Amino acid sequence: MSGMEDKITSLLAEGKVYPPPEQGRDQAWVKSMDEYKEAYAHSMNDPEGYWAQRAEELVTWDKKWDRVLECDLSIPEVKWFVGGKLNLSVNCLDRHLINDRRNKAAIIWQGEPEDDVRVYTYQMLHDEVCRFANVLKKKGVKRGDRVAIYLPMVPEMAIALLACTRLGAVHSVVFAGFSAAALQSRIEDCHAKVLITADGVLRGGKAIPLKASADEALLSCPSVECCVVVRRAAIDVEMKEGRDCWWHREMSAKDISSFCEPESMDAEDMLFILYTSGSTGKPKGVVHTTGGYLTYALHTAKWVFDLKDNDIHWCTADLGWITGHSYILYGPLGLGATTLMFEGVPSYPSPDRFWKIVEKFKVSIFYTAPTAIRALMREGVEHTRKWDLSSLRLLGSVGEPINPEAWMWYYLHIGKEKLPIVDTWWQTETGGIMIAPLPYVTPLKPGAATLPLPGVDAAIFTEEGKEASPNEGGHLVIRKPWPGMLRGVFGSPERYKKAYFDRYPNIYDPEDGARRDEDGYFWMMGRLDDVINVSGHRLGTAEIESALVAHEAVAEAAAVGMPHPVKGQAVFAFVTLMSWAEESDELLAELRQHVRKEIGPIATPDVILWAPSLPKTRSGKIMRRILRKIAASDFADFGDTSTLADPSVVDELVDTRKKLG
Ligand code: WTA
C-alpha cells in the first residue's frame, strides 16, 4: 500500500468531521450555521414568503407575479410565481450589459485541442444569441415551438440554448453520445420543429461523425423542417436541400441583426424538456418552466457554490445533462459570473488535463463527478502536482454517492486539506441542488451530502410512509414543493403522477435510498428503482433490455447494475437466446454493438452472461435482486427464494458466473 493510501485509510477510520474553512468566510454569502438555520426555518414556516423574497432578489421580472404558489400535489399540479413575466436570456445577458459586466468574460471555452480557446464577453454573447435567435425566427420558430439540440460541447451549444429562451422556444437537448435511435425517439416524442447539430465531435484526438446520426434519426422525424449544422470536426457531410443549412452561413447573412426583442414569457411557460431514464419503458421528457427554474438555479448556484462576480466557475459536465443546464449555463450566467466550458475529456492527451486547465484559467470553483475523480485517482497523484491549483477555493461533486476514498483523495490532493467539498444531491427532475453543504458553514463528513437547502423539506420514509429513525435506511422524500421542481412529463400527465407521486400521497418520491444520521446528515445509498447509474449517467434497465430483445437472436434479457471501481456501476446483462441461435464470441460482440447503436456507448453492457433461463417467480416476474447478487459475484445469501418457479435456474447462473471470474 502506498503512503497516500495509508493516509486515506487512517483518516477515514477516524470518522473525522471536517470543519468548514475559515478563510473566505467573511466574504461568503452565508457566513454561519445560524444564518442557515434561520433561513431554513423561514422557508419551512412561510415557504411562499421565503421564495417570494428569493425570486425578488435574484431574478429580473418584466412583471411581478400575482400569486407565489398554486399547488395541488394530489393532481399533481404546481405553479410558482403565477402571473409573473420574464425572459431568461435577459436575466443571463441583457441585465449584465447595463452594469460594468459588459466587457467581462461570460464564457471561456477550452476546446479539445489546447490552442482552441474562445472567450465571449457578455456583450459578445448577447449579440451572438440575438443573431441566432433571429436565424431561428427566420426558420419559422415561434414561442412554444420545440427545438432539438444534438451538439458537442462547443460555444454554439450555449448560444443555441439561450437563443431558444430569447424567443420562448422550448429546447430539448439530447446528449451527443446518444445514438441515432435515441435521438429519433426524443425528437418524435416532443415534435421538434428544428434540429441543431454538428458535422462531428472531437473526442480523444479523433473526429467522430455526428451529422450522420442526425441524418439517420431524421429519416423518421417528419416534424423537423430544418436542420442547422455547426462546422466543428472538418468531416464531410451530406446536406439535404431545403432542410439543412450551415450555422456559419446563416449567422453571417446580411439580414441577421444582432438585436432581437426578447419574448416576455409567463413564469409557468415551458422552458425546456430534458429526457431522463426511469424504471419503465422509454425515457421521460422532464418539463421545467421559466420563473421557478431560474429562481432555483440562481438560488442554489449562489448558496452552494458561493458564486461571486469574480469567480471562474468550472462545471465539467456536458450541457447535454441537467448539471450542464443549471451549473454551466443558467446559474453562473444568471449571476453574472464567468463560466468555463470544456470540450474534451479528463484523460486526453494526459490525465493532468483538468489540472492544467485549472492553472491556465485560474479556476476558482471546480465541480465534477465521483467517476472522474476515481478515474484520475488511479492515474496517480503526480499528475495533480504538475500544475498550480492555488486558484481553487471550492470543490464540488455530483451524479452519484461519492465514496469516502474518492472524497479523501479530492480533499487531500486537489483541495490540499483546505477547501470545502460540496457533495450535491439532486436530479434532472429537481432542476437544481437539493441537499448539500454550504461551503463556509457546514462541517463535512466524507460521503455525506449533509443537509437540505432552505426550502427543501427532505425526510426518510419507511415503506409504510412513517419517518424513519436515525440511521435507519429508507426512501428519500421531499414533502413540500420547491420552485425548481419538474412540472410534468412531456405529453403524459399520468406518467408524471405515477412516477413521482404514487408511493406516498402528495409527496415527491425521487426513487433514491438514503439514511439520516444522528446529526440529521443525509447519506445517499443509490437508486431504488431499476435505474443503473453508470459514471453518473442514468440508464433504465428496461431500455437496455428492450434494445437487446430487439436483436433477432435474443429471446429474453435482463440488465442489472454491477459494482465497478471507476464507473460506480457497470451494465451486466443476462441474455437468453432463441433456440436456433448459438452462443459465440461473435454474437456477444454483435449484441454489445447492437446496444451501442440503439442507445449509445454509455449503455454498452460490460458483461453479457448467457442464461439458459432467468430466475422468475411463479407469476413470471424476474427476480432482479438475485440477478444483482449474481452479477456482483455475491453468492452468499439470496434471501427468500421460495417464490421462484424453478430454483435450479439460480444454481446454473451461479456456475456460469463463477466461470467468468
Ligand atoms: C444520483 C444529476 C448521491 C441519484 C444531477 C439521483 C446522487 C440521480 C448525487 C439523478 C449525490 C446525483 N449523491 N447520489 N451527490 N447526485 N445522484 O437526473 O441517484 O442525471 O436520483 O441528475 O443521480 O441523476 P440525474
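This passage walks through the sheets, a helix pair, the ligand site and some unusual backbone spots of a predicted model.

The broadest piece of architecture to follow here is an open sheet built from eight strands. Reading across the sheet, the order is S12-S11-S8-S6-S7-S14-S15-S23, and the pairing is mixed. At the edges sit strand S12 (244–246) and strand S23 (488–489), each of which pairs on one side only. Zooming in on one of those edges, S23 runs antiparallel to strand S15 (residues 284–289), and two bridges join them. One residue pair to look for is Val287 with its bridge partner in S23, Gly488. A helix joins the picture too: helix H10 (residues 290–304) packs on the sheet and touches strand S14 (270–276) as well as S15. The direction of H10 makes about 85° with that of S15.

Next comes an open sheet of four strands, in the order S21-S22-S24-S25. Here the pairing is antiparallel. Strand S21 (458–461) and S25 are the edge strands, with each pairing on one side only. From one strand to the next, the twist averages 45°.

Going through this sheet pair by pair, strand S22 (residues 474–478) and strand S24 (residues 512–516) are linked antiparallel by two bridges. Gly474 has Ala514 in S24 as its bridge partner, while His475 stands opposite Gly513, also in S24. On to S25: five bridges join S24 to S25, and the two run antiparallel. Within S25, Trp523 is the residue that stands opposite Arg515. S24 and S25 also make up a hairpin, with five residues between them. In that turn, Gly520 has a positive phi of about 85°.

A second hairpin joins S1 to S2 through four residues. The two strands pair in the antiparallel sense over five bridges, and Glu70 has Lys79 in S2 as its bridge partner. The loop between strand S1 (67–72) and strand S2 (77–82) is worth a look, since Pro76 lies there. A cis peptide bond joins Ile75 to Pro76, with omega at about -10°.

That bond deserves a bit of background. Most residues other than glycine have a negative phi, and most peptide bonds are trans. Another cis bond runs from Tyr348 to Pro349, with omega near -5°. Pro349 has its place in the loop between strand S17 (338–342) and helix H12 (353–361). As for phi, Ala234 has a value near 50°, which is positive even though the residue is not glycine. Ala234 lies in the loop between strand S11 (226–230) and S12, two strands that also appear in the order of the eight-stranded sheet.

Helices can be looked at in pairs as well. Two packed helices are described by the angle between their axes and the distance between the axes. For helix H4 (residues 88–97) and helix H6 (residues 155–167), the axes come within 7 Å and cross at roughly 115°. On the H4 side, the residues that meet H6 are Leu88, Ser89, Val90, Cys92, Leu93 and Asp94. H6 brings Leu162, Thr165 and Arg166 to the contact. Sorted by character, the residues of this contact divide into five nonpolar, two polar and two charged.

Finally, there is the ligand, with 17 residues around it. Those that come nearest are Thr424, Thr428, Asp512, Arg527 and Arg538. Several polar atoms can be picked out one by one. A nitrogen atom of the ligand is 2.7 Å from a polar backbone atom of Thr424. Asp423 places a polar side-chain atom 2.8 Å from a nitrogen atom of the ligand. The side chain of Arg527 has an N or O atom 2.8 Å from an oxygen atom of the ligand. On its own, the ligand has 530 Å² of accessible area, and the protein covers 96% of that. Helix H11 (322–334), strand S20 (421–424) and strand S25 (522–527) are the elements that give two or more residues to the shell. S25 thus turns up in two places, as an edge strand of the four-stranded sheet and as a contributor to the ligand's surroundings. Overall, the shell around the ligand divides into six nonpolar, six polar and five charged residues.

How values were computed:
Residues are numbered from 1 along each chain as its sequence is written. This is a predicted model: local features need pLDDT of at least 70, side-chain atom pairs count only at pLDDT 80 or more; totals for chains, interfaces and linings use all residues. Side-chain values use heavy atoms; hydrogens and water are left out. Axes are lines fitted to C-alpha atoms, for helices over the stretch in contact, and angles run from 0 to 180 degrees between N-to-C directions. Contact means heavy atoms within 4.5 Å. Ala, Val, Leu, Ile, Met, Phe, Trp, Tyr, Cys and Pro count as nonpolar, Asp, Glu, Lys and Arg as charged, and the others, Gly among them, as polar. A residue is near a molecule or strand if one of its heavy atoms lies within 4 Å of it. A polar contact is a pair of N or O atoms within 3.5 Å; within protein, one must be able to donate a hydrogen and the other to accept it, and residues adjacent in sequence count only if both atoms are side-chain atoms. Accessible areas come from the Shrake-Rupley method with a 1.4 Å probe; for residues, only the protein chains shown count as cover. Two strands pair if DSSP finds at least two bridges between them.
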